[in-house]
Amino acid sequence: MGAAPQQVSPDQRVADFRKIFSRAESEVARVIVGHREVVRKLLTALFCGGHILIEGVPGLGKTLMVKAASETLGLSFKRIQFTPDLMPSDIIGTQVLTESDGHREFQFKEGPIFAHMVLGDEINRATPKTQSAVLEAMEEHQVTVFGTTYLLDPPYIVLATQNPIELEGTYPLPEAQMDRFIFKVVMGSPKPDELREILSRTTGTAQNKIQPLFEPARAPQSIENLKALVREVMVAEPLERYIISVIGGCTPGGPGAIPEVSQYLRFGPSPRGAQALILCAKVNALLAGRVSVGYDDIDDAIVPCLRHRLLLNFQAEAESVSSESILEQVIKRLKKPRT
Amino acid sequence: MDNPIETIGTASARIARLAAIRTMLCAIAPALTAIALGLFLEPITEVTWARYGYSLAPDRANALSLGLIGAGIVVLAAGLVMAYRAYRRANDFVAAAAELDDLLECNQEIVTFATLANPAAPESSRARRTPLFPILWRRAIALFGGLDVRREFKLEVGEPLMRSSIFAGVIAIAMVLATLGLVRASTAENREAARLRAIAEEIARSSTSSDDTALANKIRAAADALENPAMPPEEKKKRIEDAMREAKHAAEKRNISESGKNQAAGKSAAQSGKGNGKSQGQGNSSSGSGSGQGKAGTGAGQTVGGNNPGPGKGGSGNNSGKNNGGNASSKNDQNKGNQSNIELQNELAKADAQVETANAKNPGPDSKPGDDKNQGGANKPGDNQKAGGQPDPNRPGDLPKPGANGDRNIPSAGGNPKNNKDMGSNMGDTHLGEMPTSTNAQRFLKPGEKGSPIDLKDARYVMFRLPGAPTSGNGGKTILDTDRPKATTAYVNAPLAPTSDDAPPDERQLVPPRYRDMIH
């Protein structure tokens, strides 16, 4: 599974993708009750090569979910608890003076950011300086320490969490940094049935062991092959125009912007939003067994891809208008080009 | 296994054809409606406006008709252009793929395939194919399996026809509105002109010689002149007189030819008619013919009505006997010709009377009372007598007598009910030369005469004879001056100005205006 594209037929590659994705969901579901949509978006972000921002109150199993996903995929996992006194060097690493064979030298000590999957817990509690250190790594897939650049091994995904409460003493992520997350998913509280299942699983003696899908040595390459497959999914020109019209429709003063957008938004999504839409739609298409994107694939991706890219104005805040409601209006009103 | 590109191409061509047909269907009904309305405007007018007393002037009718036909042709041409454009627009490979996509519900797989496999697309679009494209190709083949493009894309005419009928209705409504703006209540002149045109058409239809054609043209010119408000009355009269002259000329020629045939039977009716017709034409150019005809029963008909009344008019004239005794085989044709000619001359005389009436009603700025010129060329004293064919209406013998004799003295058209047609003139039943039977004739009392007063209220026709001015003789005896100049106005033909009262035409007193003051 996940072999090189030149050795496997396209049909087999598509089938493998679906199978791996499905199995990964199932394995994560062994330890995470509910939150299937969050898990799906996590895996989608991984195969798109993006990062994900998870918003939810503490205790919902965010860390457990990321850990379970990394175990399933055979990827390395590191967790960073962001605090106000966390320094960038604490994350990316630093030069340490070492002595060997009689002479001293500085040796780079990698920080927790050097992993395939990094969980940045409560990223909004760190200072902007520290946040930016992480965000550079997210975008460039590299870190620079004392003039030396260190590449991060692919696949690389950062999963940052935000606590929507206890905002005192936090540093909300700037818009430019929010834009670097391909998705923002919101984890809600578990439903009663799910909570009962959580209690059953975590307070008993039974232990759910996760079966890795890949051997740790082959996992990165296998996942990279699957990421390449995602990018091979085809998009017709009319659908590209639709994505462009969605972006324009969400931009105040943009072409085709609906009145609500002009009324409640300060800024709309950047081109990264369009990229995120297409990549997410491609994963959706593959999961549906298709090798071309359809309008439904795009519509499914609009809210998670764009919700954190819309900057609401004061009026929207005052009227409790959410970016999700605006996006739903955009989806309803935009026409889908036929040719 | 079909090539999916060919399938999409076939669908594209079919969709384009259907789009063109639908567009054309939208245009064809309004176009045909406009053309049909334009072509059949005249019969439509006859069964609609004309029935309610409205008429559409020929020039306006022609303009409207041409406008409608032109509009129909323009709509047809526009439909063709739009159909061509619809064909071009719909003949789109990717658009056809989108249609197929919707039809087969395959989540834009066909559209994606079409954008990457469009034969008309630049090479760069094909370069966007990925290693997964073969899957898309096979998927397209599978989706098109069992697809019948002809069955899936049917020609549905319901909607375009519905739209087309709406457009056609709009055209029809526009035509009705345009016609409403153009129609006018028929005047006497309009009706008369219409009758003249009908006669002209009849003559032109049965035309056998250039004379007939010339006559028809003259009649049409007279009809046009009659309706033309801008034309001065003199000119109108001239046109009408031209037509009358032509009609008489035609009648003479016909009589000559008929007389040639009848010579074997020893009859000279045609010659008599010819002479009379000439004298009538010279002496009474406009309104005298009816008068002479009306006197046929009293003997004057021998001079005037030789070629006019004929047996078709009830047989009151002398000629009826002549013709009856003539060549039996040619009698019907001659009668028919005579009859139509009489009808024509009557109509022309009525037209002339209309002109006179209009002129009398609206005299020009320079007109003076009693100015003959402004009275439409009314008969002048002496002229009619010189003409020879015009009897003196004031002759004592001409007066209708009360009782049974009165009936005899008034020529009747009742002998042949077929000819007793009411042509719809505003002159009531007074068709020139077709005086109805007087059933209750009364006359004014002579000076000194005693008797029951006449009741003119219900009288439909009043005939006057002007008495001479009475003078007092010895012992107060009244002496009638029989040598006093007599009024020579043909009382029957005298044009009557339309009265202002609201009485229906039959109730109006058809009295010459100059004698109205005599009636109290």
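Contact here means heavy atoms within 4.5 Å. The model is predicted.

In chain A, Glu27 sits in helix H1, which spans residues 10–31. A:Glu27 has a relative accessibility of 6%. The cut-off for buried is under 20%, so A:Glu27 counts as buried. Beyond its neighbours within four places in sequence, A:Glu27 is in contact with four residues: A:Thr72, A:Lys209, A:Ile210 and A:Gln211.

Helices H2 and H3 of chain A also pack together. H2(A) covers residues 36–48, and H3(A) covers residues 62–73. Their axes lie 11 Å apart and meet at an angle of about 50°. Angles under 35 degrees would count as roughly parallel, and those from 65 to 115 as roughly perpendicular. H2(A) and H3(A) are therefore oblique to each other. The crossing of H2(A) past H3(A) is right-handed. On the H2(A) side, the contact is made by A:Val38, A:Val39, A:Leu42, A:Leu43 and A:Leu46. On the H3(A) side, A:Met65, A:Val66, A:Ala69 and A:Leu73 take part. Nine residues of this contact are nonpolar, none is polar and none is charged.

A second buried side chain of chain A was examined in a loop. A:His308 is found between helix H12 (295–306) and strand E11 (311–312) of chain A. Its relative accessibility is 8%, so A:His308 counts as buried. Two polar partners were identified for the A:His308 side chain. A polar atom of this side chain lies 2.6 Å from the backbone oxygen of A:Phe181. The side chain of A:His308 also makes a polar contact with the side chain of A:Arg309, at 3.5 Å. With neighbours within four places in sequence set aside, A:His308 is in contact with A:Met178, A:Phe181, A:Ile182, A:Phe183 and A:Lys184. A:Phe181 thus appears both in this list and as the residue whose backbone oxygen faces the A:His308 side chain at 2.6 Å.

Chain B was described at the level of the whole chain. Chain B holds 19 helices and four strands. Its length is 520 residues, of which 44% count as buried. Contacts in chain B between residues at least 6 apart in sequence were also classed by separation. Of these, 72% join residues at least 24 apart.

Terms used:
Residues are numbered from 1 along each chain as its sequence is written. Chains are lettered from A and ligands numbered from 1 in the order in which they are written. This is a predicted model: local features need pLDDT of at least 70, side-chain atom pairs count only at pLDDT 80 or more; totals for chains, interfaces and linings use all residues. Side-chain values use heavy atoms; hydrogens and water are left out. Axes are lines fitted to C-alpha atoms, for helices over the stretch in contact, and angles run from 0 to 180 degrees between N-to-C directions. Helices (H or I, at least four residues) and strands (E, at least two) are DSSP runs, numbered from the N terminus. Angles under 35 degrees count as roughly parallel, over 145 as roughly antiparallel, 65 to 115 as roughly perpendicular and the rest as oblique. A crossing is left-handed if the near helix is turned anticlockwise from the far one by less than a right angle, and right-handed if clockwise. Ala, Val, Leu, Ile, Met, Phe, Trp, Tyr, Cys and Pro count as nonpolar, Asp, Glu, Lys and Arg as charged, and the others, Gly among them, as polar. Buried means under 20% relative accessible area, exposed over 50%, partly exposed in between (1.4 Å probe, protein chains only). A polar contact is a pair of N or O atoms within 3.5 Å; within protein, one must be able to donate a hydrogen and the other to accept it, and residues adjacent in sequence count only if both atoms are side-chain atoms.
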